[in-house]
Amino acid sequence: PAGTRKASVYLNQEGFAPAFPKTAIVTGAAAGPFYILVERGDTAFRGTLSREYLSTNSSLVTRRADFTALQRPGTYVLVLGGGERSMPFRIAPDPLRNASVSLLKGFYFQRSGTALDAAFAGAWARPAGHPDTAALVHASAARPGLPAGSRWRAPGGWYDAGDYNKYIVNSGVTMGTLLSAYEDFPAYFDTLRTGIPESGNSLPDILDEALWNLRWMMAMQDPADGGVFHKLTNPEFNGMVLPHIGSEPRYVVRKSTAATLDLAATCAQAARVFEKFGTELPGLADSCRRIALNAWQWAGAHPAERYQQEELNKRFDPDINTGGYGDADLRDEQLWAASELFITTRDTSYLPVIRRELATGMRIPSWAQVGFLGYMTLVRHQALLPEDLRPLYRQIVDSVTLLGARLLEGRNTGAFATPMGHQRKDFAWGSNAVAANQGIVLLYAATVSGNPEFRHAALDNADYLLGRNATGYCFITGIGHHSPLHPHHRPSEGDGVTAPVPGLLVGGPNPGRQDQAKYPFTEPEQAYVDAEPAYAANEIAINWNAPAVYLLHALRAWSLQ
Ligand code: 9MR
């Protein structure tokens with residue numbers, strides 16, 4: 001009838017493995033049949049749309065189209081009773097390859113202090129910027145023997161996001177996630193190549209990439225006392241230009257407890273991971289262990305050195321107005337660092353901290369909530385837990401299962417059939433990372449409980465990121481048929497290349513709209529716009545790419561089994 005909105009179809013734009021569950025979501029369609037046609041041919045499958053689901057995160061009303069039973073590889077379109085057609089999609093043996101490999105390669109494009117060669121970066125080759133071999137010591141970071149204005153060497157690392165600064169706190173959760181991906185799927189990653197300068201060496205590419213950032217992080221520790229500078233930064237966010245343009249001074253700023261604990265955790269885990277590559281990287285594991293122990297000690301002596309930028313700017317010059325990452329609750333950082341240190345060193349003196357902080361509850365991981373990385377390590381290495389810690393292990397299993405069960409509920413009742421959105425507060429700054437991190441939690445729930453439903457729910461969130469969401473975007477640049485073209489990302493904006501740098505996950509729907517940009521929709525699950533100024537929804541960040549790397553590679557490893 002006149003005035004009825006045309007029906008729309010939302011689905012994973014990269015396609016489906018033959019044996020995977022397959023769901024599309026439709027809006028604006030009446031009850032009735034749906035058809036899956038071979039792209040230029042016959043009907044391959046006929047199904048019936050589900051009942052209606054009312055979204056709790058927008059005014060959308062949806063129906064589900066389940067075509068799991070269709071397993072034959074091919075290119076298809078979904079057609080509704082009213083004649084509306086989806087974009088073509090595939091059922092194919094390895095549908096997650098492009099997205100997962102591209103996401104990991106995304107870290108290469110974020111490398112600081114190095115030129116990106118056309119042989120690896122293609123159209124997005126660029127000169128080196130920000131050498132950071134002689135950053136200035138900010139007045140807030142000065143100590144006897146290290147006056148303000150003296151020089152600090154901390155080259156390399158990844159740019160945090162769309163900006164050109166390097167933040168230890170956010171690097172920590174990113175590294176923990178990537179190193180965990182390797183520890184959980186070593187055989188899979190040992191043979192995975194992404195086309196980076198180091199692809200020919202004997203290290204897996206994911207570890208070559210992690211090493212690029214690890215060496216920077218290690219250089220951010222003050223060897224005189226073990227404390228770690230919170231960040232290496234310009235005083236202000238700079239213009240939307242390539243890294244080599246501009247020559248603003250760069251500063252290392254005040255040490256913080258959060259940064260120091262995150263470095264302790266990262267280096268303790270890295271010591272374990274790089275141990276087996278001792279021939280290629282002699283001494284690295286030992287250096288990591290030493291740095292982790294010194295950091296832990298400093299944090300013990302300075303338990304509450306919080307990074308508060310406004311306070312800092314009242315006391316020191318010049319003002320620093322870049323990302324804060326000012327975490328106030330450090331119990332989860334304690335738990336993570338203690339867990340990594342215990343598993344790496346087997347020193348039982350870390351156990352009381354683990355016992356104490358375990359009670360603080362389990363949360364979806366984020367830069368401010370890193371406790372889950374500790375639980376992952378304890379689960380992965382449960383064989384190393386002493387007998388008296390078995391009850392503690394049971395407690396972890398119960399909490400992961402409970403958290404997973406809550407997410408499953410959201411998937412069963414939600415308008416897009418995903419755990420993502422089970423609470424309106426899922427749609428925060430960086431909501432796409434919430435979806436990816438929920439996926440990691442669900443994969444762990446599947447592992448500890450043996451219930452495969454959890455794994456299917458993790459796949460639902462992957463489908464969400466790849467297009468089955470209320471915006472209709474596949475949220476990874478260069479992937480799918482409708483992905484962001486204007487991310488808030490200085491290299492993408494400044495390079496004169498039409499297509500954005502590929503393999504980067506944008507932040508996603510965020511009704512907070514802290515950027516005050518124009519958004520066509522403001523309801524939580526639709527509060528997204530593909531526009532460069534919309535940094536609260538369309539920036540990219542390393543801590544968002546990392547859980548997407550984990551989730552998509554884990555699911556891919558599963559699909560290839
Ligand atoms: O991801 C961060 C988000 O959780 C915060 O709400 C937001 C505001 O403090 O900052 C985000 O992190 C940004 C960082 O501060 C600077 N680099 C870009 C990051 C992504 O937007």
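**Exercise 1.** Which side chain meets Arg411 in a salt bridge, and at what N to O distance?

*Solution.* The model is predicted.
Step 1. Apply the cut-off: a Lys or Arg side-chain nitrogen within 4 Å of an Asp or Glu carboxyl oxygen.
Step 2. Arg411 pairs with Asp460 at 2.5 Å, N to O.
Step 3. Locate the partners: Arg411 belongs to helix α12 (residues 390-413) and Asp460 to helix α14 (residues 453-465), so that distant parts of the chain, 49 residues apart, are linked.
Step 4. Both Arg411 and Asp460 are buried.

**Exercise 2.** Place the salt bridge of Arg272 and Glu183 in the chain, and decide whether each residue is buried or exposed.

*Solution.* Step 1. The closest N and O atoms of Arg272 and Glu183 are 2.8 Å apart.
Step 2. Arg272 sits in helix α6 (residues 257-274) and Glu183 in helix α3 (residues 168-184); 89 residues separate them.
Step 3. Buried means under 20% relative accessible area. Arg272 has 16% and is therefore buried; Glu183, also at 16%, is buried as well.
Step 4. Through shared partners, Glu183 and Arg272 join one salt-bridge network with Asp184, Glu340 and Arg380.

**Exercise 3.** Which parts of the chain does the pair Glu275 and Arg289 tie together?

*Solution.* Step 1. Glu275 and Arg289 form a salt bridge, with 2.8 Å between the closest N and O atoms.
Step 2. Glu275 is in the loop between α6 and α7 (284-301), while Arg289 is in helix α7, so the pair ties together parts 14 residues apart in sequence.
Step 3. Glu275 is partly exposed at 44% relative accessible area, and Arg289 is partly exposed at 24%.

**Exercise 4.** How many salt bridges does the rule give?

*Solution.* The count is 28.

Definitions and conventions: Residues numbered from 1 in each chain as written. Predicted model: local features only at pLDDT ≥ 70, side-chain atom pairs only at ≥ 80, totals over all residues. Heavy atoms only, no water. Helix = DSSP H or I, 4+ residues; strand = E, 2+ residues; numbered from the N terminus. Buried < 20%, exposed > 50% of the residue type's maximum accessible area, 1.4 Å probe, protein only.
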